[in-house]
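Colleague: Please take one part of this model and look at it closely for me. Start there and work outwards, in words a first-year student can follow.

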Amino acid sequence: MSESTNRLNVFKTYKLYVGGKFPRSESGRVYEVTDTKGKWLANAPLSSRKDARDAVVAARKAFGGWSGATAYNRGQILYRVAEMLEGRREQFVREVGEAEGLSKQKAAAAVDAAIDRWVWYAGWTDKIAQITGGANPVAGPYFNLSSPEPTGVVTVLAPQDSSFLGLVSVIAPVIATGNTAVVVASERHPLPALSLGEVLATSDLPGGVVNILSGKASEMGPHLAAHQDVNAIDLTGATGGDLARELEIAAAENLKRVLRPRTEDFTASPGTDRLTAFLETKTVWHPTGSLGAGGSSY
């Protein structure tokens, strides 16, 4: 009997991506993911609040090294993500097509656009400081210089319907500017996001820079929005009901930066809005002339 006869199917086990590793949900829970016609695709981990806390810890641990890396190095790593995705293109075309009910041609177009978006944001890593910072004119013998700095740990609620292009469009600008991310994948279409974790793990991206959870945004969102070690939250995927308002109120407890949900066409040119959404501006005053060398920052 040949080895290929009567082989058992090897089903893929989807796991979370936290701290550069692939844990199952701490709760042991899973939920069924189906295609647009109700056909079963896989079981995805149903993340708990403990998983969300672990992801925040991993993101905070990674923040110092990632924010301290040169912009050029971050660009190289984002470009490496695009390279790895190109090599696994057919897998993502299949997963996106099944998730969103797209033809192979339309799914391929979405995946190609997502790969190109990684390249686009990779090119901005060492340029964004030039358009958001600079020398400011002041009255007095001072240099006044402004420069952007990353906000910190950012929670991202990924788009519900654009399972891959939208996902990449909200993750890439966050990490391109030196932030780290805790991503809550689309509840209905989490599989492309969980597969993205496998790509990130082999793309030289330090563990913890991106952490991907699957499950219910309504369950994890309030905890992440109120978490004292989360600095900002992107509410793009908080659609329907009062979830966005609930999370915005929770985020006010420690003055998080909040990006409110809005209608977006992820196939359009992204612009720089998302690059600047989670940047802070540091201004440095430096005396000139007879005042000596010294200076202060605010």
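Modeller: I will start with a pocket, then follow its charged residues, and then turn to the buried parts.

First, some ground rules. This is a predicted model, where local features need pLDDT of at least 70, side-chain atom pairs count only at pLDDT 80 or more, and totals for chains, interfaces and linings use all residues. Residues are numbered from 1 along each chain as its sequence is written, and side-chain values use heavy atoms, with hydrogens and water left out.

Now the pocket. Rolling a probe the size of a water molecule over the atoms shows where empty space is left. On a 1 Å grid over the protein atoms alone, a pocket is an open set of points where a 1.4 Å probe fits, with protein on both sides within 12 Å along at least five of seven lines. Its lining residues have an atom within 4 Å of a point. Grid points are joined across faces, edges and corners, and the volume is the space filled by probe spheres set on the points. The largest pocket has a volume of about 210 Å³. Its lining includes Asn9, Phe11, Lys12, Trp40, Arg94, Glu95 and Leu191. Strand 2 (40-45) and helix 3 are the elements that give two or more residues to this lining. Helices (H or I, at least four residues) and strands (E, at least two) are DSSP runs, numbered from the N terminus.

What is the lining made of? It divides into 7 nonpolar, 1 polar and 4 charged residues. Here Ala, Val, Leu, Ile, Met, Phe, Trp, Tyr, Cys and Pro count as nonpolar, Asp, Glu, Lys and Arg as charged, and the others, Gly among them, as polar.

Next, the charges. Side chains of opposite charge can pair when their charged atoms come close. A salt bridge is a side-chain nitrogen of Lys or Arg within 4 Å of a carboxyl oxygen of Asp or Glu. Two of the lining residues, Lys12 and Glu95, form one, with their closest N and O atoms 4.0 Å apart. Lys12 lies in the segment before strand 1 (30-34) and Glu95 in helix 3 (residues 89-100), so the bridge ties together parts that are 83 residues apart in sequence. Buried means under 20% relative accessible area, exposed over 50%, and partly exposed in between (1.4 Å probe, protein chains only). Glu95 counts as buried at 4%, while Lys12 counts as partly exposed at 33%.

Another bridge joins Glu219 and Arg29, at 2.9 Å between the closest N and O atoms. Glu219 is in helix 8 and Arg29 in the segment before strand 1, so this pair links parts 190 residues apart in sequence. Glu219 is partly exposed at 27%, and Arg29 is partly exposed at 30%.

Glu219 leads us to helix 8 (residues 217-226), whose buried residues are Ala217, Met220, Gly221, His223, Leu224 and Ala225. Their cover includes helix 1 (49-68), strand 5 (153-157) and helix 9 (243-251).

Finally, the cores. A nonpolar core is a set of buried Ala, Val, Leu, Ile, Met, Phe, Trp, Tyr and Cys residues joined through side-chain atoms within 4.5 Å. The largest has 60 residues, and Trp118, Phe164 and Ile175 have the most contacts inside it. A second, separate core of 25 residues includes Ala58, Ala217, Ile233 and Ala244. Ala217 is also one of the buried residues of helix 8.

Methods: Contact = heavy atoms within 4.5 Å.
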